[in-house]
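User: I'd like a close look at a single part of this model: the sheet. Could you walk me through how its strands are arranged and paired?

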Amino acid sequence: MGVLGRLLQKVALLALAGGLAACASIPPGAGTNPADPWEVYNRHMFDVNDRVDRAVFKPVAQAYEAVLPQDVRVCVNNMFLNLLEPVNAINNLLQGKPSEAMSDLCRLAVNSTVGLFGCFDVAAKAGAPRSNEDFGQTLGRWGLQPGPYFVLPLLGPSSVRDTFGRLFDFLGTDPLWYIQDIPVRNTLVGVRLVDTRASLLPAEKVLEAAALDRYQFIRDAYLQLRRNLVYDGNPPRLLDPDDEDEDERPAAAPRPRDDPPMTPATR
Amino acid sequence: MSYKTLVTSLALMALLGAGLVHGPSASAQGTANAALSAPDALVKSLSEDVLDSIRKDPTLQAGDIARLNALVDERILPYVNFEKMTRLAVGRSWRDASPEQRQALTKEFRALLVRTYAGAVSTAKDYQVRMQPFRAEPNETDVTVRTQAVPARGEPIQLDYRLEKTGAGWKIYDVNVLGVWLVENYRNTFASEISRGGIDGLIKSLGERNKALESRKT
């Protein structure tokens, strides 16, 4: 098991302690939002995740950021993303986008060689942008709605659909899990975790400022973000509910709204 | 991966599109002209001026609130419809709000956005804006302009704007970062605040949030 094993043990203990001591404040009316029927559970889990993060992941990520220069961190990040190119390719293929899948494989070939094992994203500079695909998006593309919002232990925001998607990614297409050498594999998984957490640090302060209710803010952003990804950055527009356009006096003709009748934005 | 993009998007959303603050420059006139002609030209002009002035101004990069507020008043306000932004975020309850309450809501929401922006503005200088293809019928009065914020290193970030044609030219009323629309992201929070404490409750919460941010110092 080694270092990672001990770390995970510690995390599990903390999660347990956090779970026992969980006292997330549950506002009245929790669970009335149709997109989030499990809000009471979700808020508790959100709170537990937060405690574990503050105790373990965040300090480790801060140390990582303090020790390594930015160029090295960007390189590490690129290398992990490079390993995920097959995941992008498989999911693009499953979504009926063969040319994107081909581009992902070309990126893998170019960046793994010319880009020194993925350290540099030379393919992007040559005009082949990185895809961001996973199986949750593929399910969405196939018409599956996200279902209830669901905060996963340790992993954070998700939905029922995306939880299945993650499971598939995790068991099926994540290349790190195909590494036979267990200590090497665990080390890489651990470093990837730290790398991901460290890349969130700069954004965190801003989030603290913007949100009146962090839980809701993150939930609603997650749901919007995933919908956007399912549609590859171009989702059909949701109608603004209750937009009376009071500042628009008769001068303007009634505005054309040919959006498909999607679920209204406030669920 | 998705959580990372999520938080990045939230941070960038706070940048209000990295495009809305725009410094004292000769191109202010150009922006004014653009506002009257085409929405994509307005967004382009605003974005470029903004980034330009952030790069030139260390006080802005440090997130100086007074300086930012002055800029917002002077330069951004003419091209952003904060009231519509607030109205859409408040939703149905806007109808029940008195003129004073509406004014207070708009003021506090604006203050929150500016404060959030202040915390993020230092990172904006590393981005370039790339316009995406724009298509709209000539008689369209409500459009989406799509852009990308391109960092020196790393992935480009989707950055879209919704604009509405008014008597005074095109005005921005919503910003989208990585698919997360600002107005929609506040809608549920505002609704639950209102269901708990009414419109005055929401005004109070926003006010308290702003005060807390003020005392924390950016």
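Analyst: Here is a walk through the sheet, strand by strand, with a short look at one helix at the end.

Keep in mind that this is a predicted model. The sheet sits in chain B, whose secondary structure adds up to 8 helices and 5 strands. Going along the sequence, the pattern is α-α-α-α-α-α-α-β-β-β-β-β-α, so the strands come as one run, with seven helices ahead of them and a single helix after.

Those strands make an open sheet of 5 strands in the order 1-2-3-4-5, with antiparallel pairing. Who ends up at the edges? Strand 1 (127-131) and strand 5 (180-181) of chain B do, and because each has a single partner strand, one side of each is left without a neighbour in the sheet. As for what holds such an arrangement together, strands of a sheet pair through backbone hydrogen bonds, either parallel or antiparallel.

Let's start from the strand 1 edge. Strand 1 of chain B runs antiparallel to strand 2 (residues 142-151) of chain B, and 5 bridges join them. If you want a spot to zoom in on, take V129(B), whose bridge partner in strand 2 is A149(B).

On its other side, strand 2 of chain B pairs with strand 3 (residues 157-166) of chain B, again in the antiparallel sense, over 8 bridges. Here Q148(B) has Q158(B) in strand 3 as its bridge partner. These two strands also form a hairpin, with 5 residues between them, and in that turn G154(B) has a positive phi of about 100°.

Now jump to the far edge. Strand 4 (residues 169-177) of chain B and strand 5 of chain B run antiparallel and are joined by 2 bridges. N176(B) is a handy landmark there, as it stands opposite W181(B) in strand 5. While you trace the strands, remember that in a regular strand the side chains alternate between the two faces of the sheet.

Stepping back to the chain around the sheet, 52% of the 218 residues of chain B count as buried. Among chain B contacts between residues at least 6 apart in sequence, 65% join residues at least 24 apart.

And the helix I promised: helix 10 (residues 214-230) of chain A has 17 residues, which at 1.5 Å a residue should span 24 Å, and its end C-alpha atoms are indeed 24 Å apart. Of those 17 residues, 15 are buried, so helix 10 is largely enclosed by the rest of the structure. Just after it, D232(A) takes a positive phi of about 50°.

Note on methods
Residues numbered from 1 in each chain as written. Chains lettered and ligands numbered in written order. Predicted model: local features only at pLDDT ≥ 70, side-chain atom pairs only at ≥ 80, totals over all residues. Pairing = 2+ DSSP bridges. Helix = DSSP H or I, 4+ residues; strand = E, 2+ residues; numbered from the N terminus. Expected span 1.5 Å × (residues − 1). Buried ≥ 20, exposed ≤ 12 C-beta atoms within 10 Å, placed from the backbone. Contact = placed C-beta atoms within 7 Å.
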